[in-house]
Amino acid sequence: MNSDQARQRAERNLKKEERAQDGREAMIEYKAHAAATRKKTIRLKALRLASEAQAQIEAPAAKPTRQRSQMPRQITPR
């Protein structure tokens, strides 16, 4: 094997290792972003639930409405 072939193989191995390292870094970044999104979602859900609970406490009791019968109306012939 001559020195040119050895250099080419070394360059291929170097590029392969660089791509693998880039992939590992991208996965770390992806997982960090996903964890941050989950954390933010949990925080926002807690805020929304607290706000809804507070609104239920502060809202006056709704006046009960009269419900209509579920029976169909009878049409009388004229």
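**Close-up views of a predicted helical model**

**View 1. Glu17 and Arg24 pair through their side chains.** Glu17 is partly exposed, with a relative accessible area of 44%. The model shown here and in the views below is predicted. Arg24 is partly exposed as well, at 39% relative accessibility. The two side chains meet in a salt bridge, at 3.0 Å from N to O. Side chains of opposite charge can pair when their charged atoms come close. The structure holds four salt bridges.

**View 2. The protein has one helix and zero strands.** Helix α1 covers residues 3-58, a run of 56 residues. How far apart are the end C-alpha atoms of helix α1? They are 82 Å apart. At 1.5 Å a residue, the expected span is also 82 Å, so the two values agree. Of the 78 residues in the protein, 0% are buried, where buried means under 20% relative accessible area. The exposed surface of the protein is about 8500 Å². Carbon and sulfur atoms supply 56% of that surface.

**View 3. A side chain of Asn2 reaches the backbone at the start of α1.** The contact joins a side-chain oxygen of Asn2 to the backbone nitrogen of Asp4. The oxygen comes to within 3.2 Å of that nitrogen. Asp4 itself is partly exposed, with a relative accessible area of 36%. The side chain of Asp4 takes part in a salt bridge with Arg7, shown in the next view.

**View 4. Asp4, Arg7 and Glu11 form a network of salt bridges.** Which residues does Arg7 bridge to? One partner is Asp4, with the closest N and O atoms 2.7 Å apart. Another is Glu11, with the closest N and O atoms 3.0 Å apart. Spacing along the helix fits these pairs. Asp4 and Arg7 are three residues apart in helix α1, so about one helical turn separates them. Arg7 and Glu11 are four residues apart in the helix, again about one turn. Arg7 is partly exposed, at 44% relative accessibility. Glu11 is partly exposed too, at 37%.

**View 5. Glu58 contacts Gln54 through side chains.** Glu58 belongs to helix α1, whose residues run 3-58. Is Glu58 buried or exposed? Its relative accessible area is 56%. Exposed means over 50%, so Glu58 counts as exposed. The side chain of Glu58 makes a polar contact with the side chain of Gln54, at 2.7 Å.

Terms used:
Residues numbered from 1 in each chain as written. Predicted model: local features only at pLDDT ≥ 70, side-chain atom pairs only at ≥ 80, totals over all residues. Heavy atoms only, no water. Helix = DSSP H or I, 4+ residues; strand = E, 2+ residues; numbered from the N terminus. Buried < 20%, exposed > 50% of the residue type's maximum accessible area, 1.4 Å probe, protein only. Areas by Shrake-Rupley, 256 points an atom, 1.4 Å probe, with all protein chains shown as cover. Expected span 1.5 Å × (residues − 1). Polar contact = N/O pair within 3.5 Å; in protein donor to acceptor, adjacent residues only side chain to side chain.
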